[in-house]
Each structure stands twice: as C-alpha cells, then as structure tokens.
Amino acid sequence: MSTDDLAEQIVARCRERLERGESVDPEAVIRAHPDMADALRAQFDALRLLERAFARGGASRVTDASSLAGRTLGPFWLASTIGAGGMGTVYV
C-alpha cells in the first residue's frame with residue numbers, strides 16, 4: 001500500500017472521529033507518523049477545504065494551524081491569500 005493510501009486511511013479515521021464530535025489535532029497525527037508528514041498534510045488540507053466548502057458559516061472543525069498559502073493542494077500551488085470572508089479564503 002502506498003504512503004498516500006495510508007495517509008488517506010488515517011485521515012478518514014480522523015474524519016470519523018470528527019463526525020462523532022471528537023476533536024482532532026492534525027499536527028499530533030503528523031507527529032505520530034513523521035514518515036508520512038507530507039502526505040498527511042495534503043490530506044488534512046483537502047479535508048479543511050472540503051469542510052469549509054460544505055460547512056454552514058464556513059468554519060472548519062479541523063484545527064487550522066496556518067494558512068495554506070505557499071503549499072501545494074493536489075495539482076495546484078497556492079501562492080498567497082488575496083481575500084477571506086464568510087464563504088472561505090481565495091488564493092492565487
């Protein structure tokens with residue numbers, strides 16, 4: 001099984017915890033699996049974006065330790081934030 005597949009499974013379990021009302025600290029999960037840090041960060045970033053897209057009020061339940069600016073999300077590189085509001089954050 002690939003690192004990306006394992007990271008996806010770990011984040012899926014975290015998502016299940018969130019759905020039960022538990023809190024999740026992505027950085028603690030990443031510290032527990034340092035060999036998969038990049039893959040886990042990408043998965044948590046995607047989860048945050050999905051949560052924001054579908055959440056009422058636009059708030060994420062996953063701890064937002066930092067902006068996504070300067071990071072890669074899938075095939076996209078998020079250079080910087082150009083705006084933020086109740087509907088989300090806009091990156092270029």
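A residue counts as buried when its relative accessible area is under 20%. The structure used in these exercises is a predicted model.

**Exercise 1. Describe the overall make-up of the protein.**

Solution.
- Start with the secondary structure: there are three helices and four strands. Read from the N terminus, their order is α-α-α-β-β-β-β.
- Next, take burial: 26% of the 92 residues of the protein count as buried.
- Then take the surface: about 6000 Å² is exposed, and carbon and sulfur atoms supply 55% of that area.
- Last, take the contacts with a separation of 6 or more: 37% of them are between residues 24 or more positions apart.

**Exercise 2. Identify which residues of the largest nonpolar core touch the most other members, and where the core comes from.**

Solution.
- The core holds 14 residues, and those touching the most other members are V24, V29, L40 and F44.
- The elements giving two or more residues to this core are α1 (3-19), α2 (26-32) and α3.
- Take V29 as a case: leaving out residues up to four places away in sequence, V29 touches I10, C14, V24, L40 and F44.

**Exercise 3. Place D45 in the structure and decide whether D45 is buried or exposed.**

Solution.
- Locate the residue: D45 lies in helix α3, which spans residues 37-54.
- Apply the cut-off of under 20%: D45 is buried because its relative accessibility is 3%.
- Check the side chain: D45 and R48 are joined by a side-chain polar contact of 2.9 Å.
- List the neighbours, again without residues up to four places away in sequence: D45 touches L68, R71 and L73.

Key. Residues are numbered from 1 along each chain as its sequence is written. This is a predicted model: local features need pLDDT of at least 70, side-chain atom pairs count only at pLDDT 80 or more; totals for chains, interfaces and linings use all residues. Side-chain values use heavy atoms; hydrogens and water are left out. Buried means under 20% relative accessible area, exposed over 50%, partly exposed in between (1.4 Å probe, protein chains only). A polar contact is a pair of N or O atoms within 3.5 Å; within protein, one must be able to donate a hydrogen and the other to accept it, and residues adjacent in sequence count only if both atoms are side-chain atoms. Contact means heavy atoms within 4.5 Å. A nonpolar core is a set of buried Ala, Val, Leu, Ile, Met, Phe, Trp, Tyr and Cys residues joined through side-chain atoms within 4.5 Å. Accessible areas come from the Shrake-Rupley method with a 1.4 Å probe; for residues, only the protein chains shown count as cover.
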